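Trainee: Could we walk through this structure together, one question at a time?
Mentor: Gladly, let's look at it first.

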Amino acid sequence: MARDNIRTFSKLDFNFLGTALVIAAVGCLLIYSATYFDDPGLGIFKKQLLWLAIGFVLMLFCLFVDYHVFFDIAPFLYGLGIILLLYLMAFGRLTANVRSWIHIGSFQFQPSEFMKIFTAIMLAKFFDNHERAYMDFKSFFRAMLIIAIPVGLILMQPDFGTAATFFPLVAVAMFFGGIRWRIWAAMIVVVALLGLGGFSIMKPYQKDRIITFLNPDRDPLGKGYQVTQAKIAIGSGGIHGKGFRQGTQAKLDFLPAHHTDFIFATLGEEWGFIGVVIVLGLYLFLIFQALTFAKKARDRGGAFLAICLIAFFVFHIFINVAMQIGVLPTTGIPLPLISYGGSSTMMFLMAIGLMLNVDMRRFGATSPA
Amino acid sequence: MRVYRDDQKFLTFRINALLWAIVVVFVFLAGSFWVVQGVQAEKYRNLSEANALREIVTPAKRGLILDRSGQKILADNQPAYSLSLDRVVMRPIVKGDPAHRVKIVAFLAHVLGVPPQEIEARFEKGKAIPIARPIPIAEDLNMPQVASIQAQAVAFPELNVVPVQRRNYPYATMAAHLMGFIGEVTEKDLARHKELKQGDLLGKRGVELMYDEYLRGRDGAQYWEYDSHGRRLAEYRPARKDPVAGDNVYLTIDFDLQRRAEQYFAENEFVGAAVALDPRNGEVLAMVSSPVFNPNVYSKRFTPDVWRTIASNPFKVELNRAIQGLYSPGSVFKAVMAMAGLSEGAIDTSTSFYCSGSGVFFGRRFRCYNKNGHGDVSVANALKVSCDIFFFNVGARLGIDRIAEYAHKLTFGEISRIDLDGEKPGIVPSTQWAAVKQHRKWYPSETISVAIGQGPLIVTPLQVANMMAAIANGGTVYRPHVVKMIEKVSPDGKVDRLQVASEVLHKVTLAPKALETVKLGLWKVVNEEGGTGGNARIEGLNVSGKTGTVQVIAQHGWVKTEGLPYKYKDHAWFASFAPKDNPQMVVVVFVEHGGHGGVDAAPLAKLLYESRFRQQFNDANLDLSNPDTLEAIKEGQAPIPGQVKKAPAAPAGSNPNLGH
């Protein structure tokens with residue numbers, strides 16, 4: 001058994017792990033540069049290092065335990081996540097209009113971030129048991145139900161942005177689960193109706209964001225302020241950037257959320273287009289490797305787990321980067337491994353661990369019998 | 001364990017398709033960044049430099065508070081100097097010289113004459129303010145302080161002496177309870193009013209609080225360009241927003257009456273309250289609560305000790321006794337008893353009872369204050385001499401619930417909805433009150449105490465004034481108000497005046513015969529020999545009123561109040577109106593532990609009537625005993641303000657008592 005373990009861990013993909021850690025290191029530098037002026041004690045920077053350390057431990061845990069064990073306990077994890085979300089609905093404190101944080105003393109975390117992982121595991125387990133290339137209506141309905149329950153609870157917080165991040169799981173289920181054209185047609189109708197209905201029940205601040213997105217110059221000091229300031233930061237960085245710690249937009253507080261949702265704008269300002277391309281390149285490399293893991297996975301469950309987690313990464317990166325320059329509306333979606341934040345940093349490191357887990361155990365010999 | 005087999009190709013194909021889709025998305029994102037950072041870089045570089053704008057708030061001038069004539073300004077704004085600290089400038093200096101922070105704290109402590117911990121506390125408090133905005137450090141600098149700070153401008157460039165407008169109450173303690181004061185916003189205020197910022201000042205009590213939305217105005221802003229080292233360059237003029245001054249508020253308060261009443265309390269060192277109001281419209285002409293405080297001391301940012309000093313004062317300085325002080329009405333309540341008895345037919349104008357000095361009711365012996373007794377008395381004379389036995393009998397005939405009904409009708413037991421904060425409703429006991437609030441049975445003998453205004457019955461001086469006003473004007477209960485007019489002066493100089501309309505809360509149907517008899521009794525109190533209120537008599541003016549002397553502790557036997565220690569001394573009341581026919585002013589005076597209503601409270605009423613009716617004809621030496629003058633007063637030539645526009649008596653929703 002010990003020998004089996006050693007054989008398994010000898011398969012650990014250090015390229016992939018290394019890419020992830022380089023991205024996290026870039027994130028730390030950016031957080032430092034964005035906050036040292038406002039926060040001379042470097043409290044935010046040090047906290048991020050703490051989150052990374054905790055996340056690293058969680059990642060190791062996600063990596064050592066065979067992912068099939070996670071499949072076995074998937075219903076418990078999923079159930080735990082649902083209970084935490086229900087707890088929030090009953091007792092959550094309102095923070096910035098939404099009820100998405102659990103406070104334990106001075107410590108707080110967002111259960112919805114962990115729910116992303118639990119839902120991905122639950123969905124992968126579902127596909128592990130579902131061996132046909134195409135789903136019928138009943139299977140498709142079950143897969144959608146796994147996603148819809150947490151999404152519904154998060155929408156009630158109401159955290160529109162986080163609920164939207166579950167969308168990639170729907171795409172994975174449809175694209176990789178295999179569905180017939182009739183289901184496609186039905187889905188399109190349902191999504192269109194939900195979209196129209198959704199807009200009518202949105203909170204005013206959510207509507208404002210969408211309207212502002214359509215026309216950010218309408219009110220430069222108002223709701224479009226963030227996007228305008230982000231574009232000024234990015235554009236003024238030019239090709240080479242203003243240099244490390246030299247950005248003025250973030251330092252003088254013109255750019256709100258400059259260490260969280262809008263950290264990519266700080267990157268654009270200080271490191272320029274070159275920095276942007278490098279970071280996008282690192283992400284693309286990470287995704288490429290992860291997709292290779294999915295292809296080589298030894299079973300459907302592993303492949304689906306990897307794909308679900310990649311889908312989260314791709315979706316977060318795309319939404320976050322696109323909103324920096326006003327291609328998409330402003331949402332509170334963090335940039336994986338770079339944005340400041342405990343729950344999201346831990347969640348993405350756990351995802352990295354699970355993907356490595358799938359890759360390490362791609363050979364049949366060490367799997368539990 | 002499920003090794004997947006049948007759809008390996010299916011998955012591989014789709015994973016490859018996904019990879020290419022992601023590559024396309026990334027190329028698209030990189031292309032978008034190229035447009036912003038490569039093609040449009042120059043445009044955004046310029047914007048970034050021009051956009052290094054910082055907002056400097058230009059505070060709005062707070063509206064004035066004036067008396068009813070507009071001649072006397074009771075609250076204005078005085079030029080003063082504040083000190084603020086710019087952290088954007090301070091940061092790089094502290095980076096270069098870590099000792100700088102200690103130096104600046106020591107310097108400020110020295111110049112301002114406060115301990116260094118206090119300076120640290122102000123730094124700490126400023127952390128809630130965004131870094132781009134300066135934090136307030138001190139207010140009201142004197143000239144030597146301004147000079148020492150400016151002499152050190154090179155050493156401490158982050159310090160700015162800012163000319164500001166400081167709230168000032170020129171008459172200091174005058175009408176302090178009514179005017180209220182201002183103070184710094186709290187977290188609670190910020191949550192309620194979206195337009196406020198950390199560090200703003202706003203009304204905290206009284207008119208300053210209730211009419212804050214009018215008085216406050218709207219802050220303006222200037223946008224200044226800064227370089228990346230935090231140095232100020234030039235103003236970006238197109239974005240400038242001019243401040244809009246607050247509206248001026250004209251009180252219904254008559255300056256002379258208010259001052260005279262306050263002097264009376266100050267000279268006699270009396271604790272208590274006085275209210276003068278116009279029974280024709282509910283305007284409050286004077287409202288005094290003694291002792292007083294100085295709102296100039298409250299209306300500052302950095303006065304942590306003031307609250308403690310004032311809150312610990314044994315005489316409860318901050319209490320507005322006129323609307324928050326709850327007292328037994330004593331014999332003043334006999335006016336209500338007479339009205340109830342006559343209206344309900346429990347007595348008629350000729351019903352008389354024999355007073356021997358005491359009497360037995362419901363098995364207990366009750367004493368009249370006059371141990372020798374008043375003999376046979378009917379209602380008008382019972383009011384005149386304030387015979388307790390007569391009203392014990394009326395109370396016994398009416399029963400508590402009919403008494404309570406009339407007390408409620410005549411404004412007791414509920415707030416009057418005056419446009420001031422913190423008004424208290426008082427208590428009107430009834431059988432239902434005993435059952436619901438006290439979970440007990442009401443004993444008929446308690447009714448006897450209530451009949452002379454004692455027992456659980458408690459009222460505010462304002463309620464007594466409202467009761468008198470309703471009797472004076474024949475049954476109309478107005479909503480009392482202290483603000484007469486709001487004056488909006490727009491930036492182009494256009495003046496828009498909103499008159500506060502008088503508001504009738506309800507009308508009480510009082511039988512004309514009953515009304516006439518009660519008024520006659522009240523007239524006798526002041527104008528006939530042997531009446532208890534002779535000290536308020538003005539020849540010819542026909543002041544009508546009722547005295548009250550409230551026992552503070554239960555006494556067994558007849559005790560003279562003069563011999564008692566202060567805290568056991570009786571409370572003194574005098575509630576009145578004048579002239580008897582066509583009344584134009586109600587005056588209620590209450591002196592806590594004052595002794596006798598007729599001796600200690602009535603003289604102030606006399607002073608106020610003299611002042612008012614002389615002033616009405618613009619003649620300080622007016623002979624009030626001249627029949628012609630009195631004829632004019634009787635006809636009510638005092639001008640009632642024309643009502644240009646109707647406005648609510650208080651900003652909607654700002655009165656925490658509304659809806660009770």
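The questions below go from the whole of one chain to single residues.

Mentor: Before we start, this is a predicted model, in which local features need pLDDT of at least 70 and side-chain atom pairs count only at pLDDT 80 or more, while totals for chains, interfaces and linings use all residues. Residues are numbered from 1 along each chain as its sequence is written, chains are lettered from A and ligands numbered from 1 in the order in which they are written, and side-chain values use heavy atoms, with hydrogens and water left out.

Trainee: What average pLDDT does chain B have?
Mentor: pLDDT is the predictor's confidence in each residue, from 0 to 100. In chain B, 85% of the residues score at least 70, and the average is 84.

Trainee: Which stretch near the end of the numbering, residues 638–647 or residues 1–5, has 22 contacts beyond four places in sequence?
Mentor: A contact means heavy atoms within 4.5 Å. Where pLDDT is low, the predicted coordinates should not be read in detail. The pLDDT is under 50 throughout the stretch with 22 such contacts, which is residues 638–647 of chain B.

Trainee: What share of chain B is buried?
Mentor: Buried means under 20% relative accessible area, exposed means over 50%, and partly exposed is in between (1.4 Å probe, protein chains only). Chain B has 660 residues, and the buried share of them is 55%.

Trainee: Which residue stands opposite B:Gly359?
Mentor: Helices (H or I, at least four residues) and strands (E, at least two) are DSSP runs, numbered from the N terminus. Two strands pair if DSSP finds at least two bridges between them; E14 (residues 358–361) and E15 (residues 364–367) of chain B pair in the antiparallel sense over four bridges. Two residues lie between these strands in a hairpin, and B:Phe362 in the turn has a positive phi of about 50°. Opposite B:Gly359, in E15(B), stands B:Phe366.

Trainee: How far apart in sequence are the salt-bridge partners A:Asp66 and A:Arg361?
Mentor: A salt bridge is a side-chain nitrogen of Lys or Arg within 4 Å of a carboxyl oxygen of Asp or Glu. The side chains of A:Asp66 and A:Arg361 meet at 3.5 Å, N to O, and both residues are buried. A:Asp66 is in the loop between H3 and helix H4 (67–72) of chain A, and A:Arg361 is in the segment after helix H16 (342–360), so the pair links distant parts of the chain, 295 residues apart.

Trainee: Why are B:Glu405 and B:Lys409 separated by about one helical turn?
Mentor: Their side chains meet in a salt bridge (3.5 Å, N to O). B:Glu405 is partly exposed because its relative accessibility is 36%, and B:Lys409 is partly exposed because its value is 27%. The separation is about one turn because both lie in helix H18 (residues 400–409) of chain B, four residues apart.

Trainee: Is A:Val151 buried or exposed?
Mentor: A:Val151 lies in helix H7 (residues 137–155) of chain A. Not counting residues up to four places away in sequence, A:Val151 touches A:Ala163 and A:Phe166. Because its relative accessible area is 18%, A:Val151 is buried.
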